[in-house]
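Please open the model in your viewer and keep the sequence panel beside it. The tour below moves from one selection to the next and says what is found at each stop.

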Amino acid sequence: MGYTGRCACDTVQVVIEAEAVSVRQCWCRHCQHLAAGNATTNAFFPAEAVSTTGELVWNSHKADSGNELHWAFCPQCGSQMLAYSTARPQFRGVRVGAIDQPHDLAPQAIIWTSEAPAWAKLDPDLPHFAGQPPAAPPKTD
Ligand SMILES: [Zn+2]
Ligand SMILES: [Zn+2]
């Protein structure tokens with residue numbers, strides 16, 4: 001089982017040949033910038049299982065966790081596609097908005113809740129973390 005996806009203008013395609021190891025919603029300020037005021041939702045896969053076609057532009061910044069975050073988007077339409085942290089280069093985060101529907105990916109945890117706006121509705125049935133979780137994404141084995 002795997003997934004396919006694309007940016008809003010279909011210039012960039014992604015193929016994922018693995019199950020997600022975790023899916024998290026992130027409310028850090030950086031994600032709010034990228035997601036136009038909302039959280040980002042990110043599914044994490046083994047890096048070698050994720051491949052793309054089409055031109056991606058990569059950028060990076062120092063995340064609030066202190067880790068270097070690298071993130072990629074389509075230069076034509078601006079859709080956020082991929083991200084990874086230098087702390088966990090073995091995983092690729094795929095922005096769930098890019099993944100073709102229907103799919104079974106839903107958030108399993110909410111992180112950086114301390115930076116969420118007061119109006120944000122945070123699912124009370126999910127684990128909440130005020131900042132970066134201690135060990136994430138979890139291993140599947
Ligand atoms: Zn695009
Ligand atoms: Zn974030």
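Which residue in S2 is the bridge partner of Arg6? Select Gln13, for that is the residue of S2 that partners Arg6. Before going further, note that this is a predicted model, in which local features need pLDDT of at least 70 and side-chain atom pairs count only at pLDDT 80 or more, while totals for chains, interfaces and linings use all residues. Residues are numbered from 1 along each chain as its sequence is written, chains are lettered from A and ligands numbered from 1 in the order in which they are written, and side-chain values use heavy atoms, with hydrogens and water left out.

**The hairpin of S1 and S2**

Show strand S1 (3–6) and strand S2 (13–16) as a cartoon; strands here are DSSP runs (E, at least two residues), numbered from the N terminus. S1 and S2 pair in the antiparallel sense over 4 bridges, where pairing requires that DSSP finds at least two bridges between two strands. The hairpin has 6 residues between the strands, and Asp10 takes a positive phi near 70° in it.

Now add the side chains of S1. In a regular strand the side chains alternate between the two faces of the sheet. Along S1, Tyr3 and Gly5 point to one face and are buried, while Thr4 and Arg6 point to the other and are not; buried means under 20% relative accessible area, exposed means over 50%, and partly exposed lies in between (1.4 Å probe, protein chains only).

**Salt bridges around Arg6**

Keep Arg6 selected and add Asp10 and Asp100, which are linked with Arg6 in a network of salt bridges. A salt bridge is a side-chain nitrogen of Lys or Arg within 4 Å of a carboxyl oxygen of Asp or Glu, and a search of the whole structure finds 2 of them. Side chains of opposite charge can pair when their charged atoms come close. Between Arg6 and Asp10 the closest N and O atoms are 2.9 Å apart, and between Asp100 and Arg6 the corresponding distance is 3.0 Å. The second pair links distant parts of the chain, with Asp100 in the loop between S9 and S10 and Arg6 in strand S1, 94 residues apart. Arg6 is partly exposed at a relative accessible area of 31%, Asp10 is partly exposed at 38%, and Asp100 is partly exposed at 24%.

**Zinc ion, ligand 1**

Next, centre the view on the zinc ion (ligand 1), whose protein donors are Cys7 (SG), Cys9 (SG), Cys74 (SG) and Cys77 (SG), lying 2.3 to 2.4 Å from it. Donors are N, O and S atoms within 2.8 Å of the metal (3.2 Å for Na, K and Ca), and because water is not among the atoms, sites may look incomplete. The 4 donor atoms subtend angles of 106 to 113°, so the arrangement is tetrahedral, a label given to four donors if all angles lie between 85 and 135 degrees. Along the chain the donors follow the spacing C-x1-C-x64-C-x2-C. Cys7, in the loop between S1 and S2, and Cys77, in the loop between S7 and S8, link distant parts of the chain, being 70 residues apart. Cys7 is buried, with a relative accessible area of 4%, whereas Cys77 is partly exposed at 32%.

**S7, S8 and S9**

From Cys77, turn to strand S7 (residues 68–73), which runs antiparallel to S8 and is joined to it by 5 bridges. Two pairs are worth labelling here: Trp71 has Ala83 as its bridge partner in S8, and His70 has Tyr84. S7 and S8 form a hairpin with 6 residues between them, and Gly78 in the turn has a positive phi of about 85°.

How many residues of strand S8 (residues 80–85) are buried? The count is 6 of the 6, so S8 is largely enclosed by the rest of the structure. On to strand S9 (residues 91–95), which pairs with S8 in the antiparallel sense over 2 bridges; Val94 in S9 is the bridge partner of Leu82, and a hairpin of 5 residues joins S8 to S9.

Zoom out to see the open sheet of 7 strands, with mixed pairing and the order S6-S7-S8-S9-S4-S3-S10. Its edge strands are S6 (57–62) and S10 (109–111), each of which pairs on one side only.

**Zinc ion, ligand 2**

Finish at the zinc ion (ligand 2), which is coordinated by Cys26 (SG), Cys28 (SG) and Cys31 (SG) at 2.1 to 2.3 Å. The donor residues are spaced C-x1-C-x2-C in sequence. Cys26 is buried at a relative accessible area of 8%, and Cys28 also counts as buried, at 11%.

How values were computed. Tetrahedral: all angles 85-135°; square planar, octahedral: opposite > 155°, others 65-115°.
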